[in-house]
Amino acid sequence: MKNKETNDTGNQPNQSPQPNQPNQRPNNKRRFSFYWIYAILFAVLIGLQFFGRDPVTQPKEIDQGQLIEMLKKEEVAKIELINREDAEIYLNHKGLTYNNLTEVKTDSEGKSTTPNYTYKIGSLDRFEEMVENAQQDVAKPVYISNVRRNNWMGSILEWIIPLALLLVFYIILIRGMGRGMGGGAGSIFNIGKSRAQLYDKNTNVNVTFKDVAGLEEAKVEIMEVVDFLKNPEKYTKLGGKIPKGVLLVGPPGTGKTLLAKSVAGEANVPFFSLSGSDFVEMFVGVGASRVRDLFNNAKAKAPCIIFIDEIDAIGRARGKSAITGGNDERESTLNQLLTEMDGFGTNSGVIVLAATNRADILDKALLRAGRFDRQIYVELPDIVGRKEIFEVHMRGLKLGNDVDKEFLAKQTPGFSGADIANVCNEAALMAARKGKEIIEKQDFLDAVDRIIGGLEKKNKIITAEEKKVIAYHEAGHATTSWLLQYAHPLVKVTIVPRGNSLGAAWYLPEERQITTKEQMYHEMIATLGGRAAEQVVFGQISTGALSDLEKVTKQAFAMVSYYGLDEEIGNLSYYDSTGQQDYSLTKPFSEKTAETIDKRVSVIVEKAYQEAIAILTDHRDGLSQLANKLIEEEVIFGEDLERIFGKRPWGNSEDEKLKNAALKAAENQKENQPEQEPENA
């Protein structure tokens with residue numbers, strides 16, 4: 001079965017506790033801010049500017065007709081032109097009486113001492129002409145007087161308001177940068193502080209070693225570290241020293257992060273948790289500063305554990321990038337980490353626990369003894385481990401009587417702990433979607449099909465001719481795999497479209513540690529069986545074999561250039577396990593060897609294709625029966641192939657016996673041996 005790669009989320013979903021922040025203020029009391037005083041003063045200035053005048057004495061604005069009428073009736077005492085923009089109209093006693101302005105302050109002659117009206121001037125020349133024409137028949141005309149008046153408060157506010165807005169924006173920006181990059185203090189000056197989350201005795205971590213299944217060997221190593229922290233005298237009396245670092249290595253989804261969570265729940269010591277990307281920033285020197293701050297906090301709380309997830313974000317081998325060179329921020333962060341882990345100073349009581357699925361690209365100085373003393377490989381679980389993982393994830397599920405954990409473990413080879421957790425969740429969702437009260441065996445099988453092949457698309461429009469081609473294509477895969485000794489036995493074939501494919505076949509691969517040349521060759525023949533069936537039946541081929549061709553090409557290339565399984569190339573391997581070849585612009589072999597490799601790959605693939613055609617030609621009747629059954633029912637199982645072609649003469653009885661014996665031995669060992677896991681924190 002095909003393993004779907006997932007994130008390293010572990011085997012048991014749990015709610016993450018709320019961690020403590022090492023740089024967080026202990027009390028949450030609000031401090032008095034002087035910004036409030038500045039805000040109050042600013043509000044007072046605005047109020048004086050706009051609301052400081054008495055609304056009773058505030059002059060009213062008049063239009064041109066009203067002003068001309070007042071001038072003709074000799075009601076105007078004087079006109080003051082303010083800054084050549086506004087005109088202020090002062091009325092005499094006659095004008096005040098006529099306009100009912102008796103409350104206005106006047107002088108000894110009865111003239112107003114404050115402006116009574118204002119007039120907005122558009123053009124100064126036209127205004128002067130209008131005043132002169134309105135007073136042609138007046139004995140004592142009023143003449144315009146120019147007054148220059150400075151509004152200091154308004155001018156000041158014109159400068160203060162934009163500056164105040166810029167200052168407020170700057171403060172908000174700085175605080176946002178501090179929260180986003182500098183940790184808990186909320187200031188850009190704290191950007192170099194560690195962003196690690198602290199789990200201590202005040203934090204409830206719900207994950208323990210009992211929640212980790214299928215990783216017995218890794219648990220033994222990790223439990224020894226926890227035991228050292230709890231009972232150090234047990235080891236120190238013999239002269240032993242606590243390991244400085246433990247590196248968890250393995251494929252995604254196998255439970256590396258879950259193991260770290262279980263350590264946090266069991267150790268009863270401060271546990272600092274962060275990701276490798278938390279050290280990296282766009283500013284130079286920030287990563288190294290955060291490493292220093294992290295270890296300073298850890299030394300203050302020793303003995304403690306530092307967990308760095310995805311350490312390859314800062315632990316890549318140095319000197320690989322020709323662009324950045326030695327001044328790369330990532331490299332300076334790694335240099336500081338190397339110094340803190342095993343430099344001139346001492347970090348007694350601080351254990352560094354790290355996880356990665358790219359150990360091949362880590363720097364050699366990081367992997368040496370004294371920094372990471374132990375490397376624990378967390379691999380994909382075997383059939384025994386998968387059964388234990390199913391037991392963990394089925395604790396909270398309402399299961400039917402037909403659910404068999406051993407059967408599900410056999411049906412999910414190559415699945416990681418995260419994949420199995422996803423299977424259990426998908427089965428529960430499918431049962432709920434169908435309105436069931438319990439989760440049945442078929443729900444789990446449908447969940448496995450959903451994860452491997454994708455969602456069924458029964459409404460996808462496929463013509464009858466296309467459906468026939470797809471049926472013969474899938475029947476060709478099934479026939480060749482059934483008739484070849486080392487090909488994986490068939491479990492199920494369907495021509496219902498799933499995901500991006502128009503048909504799918506499920507096989508049950510053998511869980512073997514090594515593969516022979518003949519075994520790989522048989523797998524290639526079975527993979528090419530679909531295209532061969534199209535050639536045998538229809539005399540032409542289609543584009544439906546794209547994924548098959550990609551798979552066999554990679555297998556043939558690996559046989560020739562990696563595994564040394566080709567007679568012409570010989571016992572040579574051009575595989576680079578260090579990953580340095582990825583950065584090289586040259587191939588590890590000559591152009592002549594490259595031509596030979598291409599030729600041998602083509603020969604192997606074509607030979608496998610011809611053998612697939614020969615097998616299907618000899619069993620043309622069985623192929624047609626199988627394809628017709630697929631067209632009618634859309635789904636067939638291994639029992640249908642057994643009725644058409646008979647039982648496989650070699651079978652897998654010995655493998656089944658070994659698997660059952662391993663499961664039985666694991667159950668007996670679990671029942672007879674005492675509990676070795678530490679008690680929950």
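Colleague: Let me begin with one cysteine: how do I read Cys-424, as buried or exposed?

Modeller: Look at the relative accessible area, and keep in mind that this is a predicted model. A residue under 20% counts as buried. Cys-424 has 4% relative accessibility, so Cys-424 is buried. Cys-304 is buried as well, with a value of 0%.

Colleague: How many disulfides does the count give?

Modeller: A disulfide is a covalent bond between the sulfur atoms of two cysteines. In this model the count is 0.

Colleague: What share of the chain counts as buried?

Modeller: Of its 681 residues, 42% are buried. The chain has 23 helices and 14 strands. Among contacts with a separation of 6 or more, 75% come from residues 24 or more positions apart.

Colleague: Now the nonpolar cores. Which residues touch the most other members of the largest one?

Modeller: The general idea is that in soluble globular proteins, nonpolar side chains tend to be buried together. Here the largest nonpolar core has 47 residues, and Met-524 and Leu-641 touch the most other members. Several elements give two or more residues to this core, including α16 (464–483), β12 (490–494), α17 (517–527) and α22 (638–645). The most comes from α20, which gives 11 residues.

Colleague: What is Leu-641 in contact with, leaving aside its neighbours within four places in sequence?

Modeller: Its contacts are Ala-478, Thr-479, Trp-482, Leu-490, Leu-626, Ile-636 and Gly-646. Another core, of 29 residues, lies apart from the largest one; Val-205, Val-212, Val-225 and Ile-376 are among its members.

Colleague: Strand β12 came up just now. How many of its residues are buried?

Modeller: In β12, 4 of the 5 residues are buried, so the strand is largely enclosed by the rest of the structure. For a strand, also ask which partners it has. β12 pairs with β13 (residues 504–507) in the antiparallel sense, over 4 bridges, and there Lys-492 stands opposite Trp-506. β12 is also joined to β14 (residues 635–637) by 3 bridges, again antiparallel, with Val-493 and Ile-636 as bridge partners.

Colleague: Where could I practise that reading again?

Modeller: Try β8 (residues 271–275), which is mostly covered, with 4 of its 5 residues buried. In a regular strand the side chains alternate between the two faces of the sheet. β8 runs antiparallel to β6 (residues 197–199), with 3 bridges between them, and parallel to β9 (residues 304–309), with 5 bridges. Follow Ser-273 across: Gln-197 stands opposite Ser-273, and in β9 its bridge partner is Phe-307.

Colleague: Next, the aromatic rings. How many aromatic pairs does a search of the whole structure find?

Modeller: It finds 7. Phe-557 and Tyr-562 make one aromatic pair: their ring centres are 5.7 Å apart and their planes stand at 85 degrees, so the pair is edge-to-face. Phe-557 is partly exposed at 29% relative accessible area, and Tyr-562 is partly exposed at 33%. A further edge-to-face pair is Tyr-574 with Phe-589, at 4.9 Å centre to centre and 70 degrees between the planes. Both Tyr-574 and Phe-589 lie in the loop between α19 (546–561) and α20 (591–618), so the pair ties together parts that are 15 residues apart in sequence. Tyr-574 and Phe-589 are buried.

Colleague: Which residues form one aromatic cluster?

Modeller: Phe-557, Tyr-562 and Tyr-575 do.

Colleague: Rings can also have a charge over them. Where does the charged end of Lys-78 sit?

Modeller: It sits over the ring of Tyr-90, 4.5 Å from the ring centre. Likewise, Lys-441 lies over the face of Phe-407, at 4.0 Å from the centre of that ring.

Colleague: To finish, a loop residue: is Glu-109 buried or exposed?

Modeller: A residue over 50% counts as exposed. Glu-109 has a relative accessible area of 57%, so Glu-109 is exposed. You will find Glu-109 in the loop between α3 (93–98) and β4 (117–120). From Glu-109 to Asn-92 the separation is 17 residues in sequence and 8.2 Å in space, C-alpha to C-alpha.

How values were computed
Residues are numbered from 1 along each chain as its sequence is written. This is a predicted model: local features need pLDDT of at least 70, side-chain atom pairs count only at pLDDT 80 or more; totals for chains, interfaces and linings use all residues. Side-chain values use heavy atoms; hydrogens and water are left out. Rings of Phe, Tyr and Trp (its six-membered ring) pair if their centres lie within 6.5 Å; planes under 30 degrees apart count as stacked, over 60 as edge-to-face and the rest as tilted. Buried means under 20% relative accessible area, exposed over 50%, partly exposed in between (1.4 Å probe, protein chains only). A charge sits over a ring if NZ of Lys or CZ of Arg is within 6 Å of the ring centre and within 35 degrees of the ring normal. A disulfide is a pair of cysteine sulfur atoms within 2.5 Å. A nonpolar core is a set of buried Ala, Val, Leu, Ile, Met, Phe, Trp, Tyr and Cys residues joined through side-chain atoms within 4.5 Å. Contact means heavy atoms within 4.5 Å. Two strands pair if DSSP finds at least two bridges between them.
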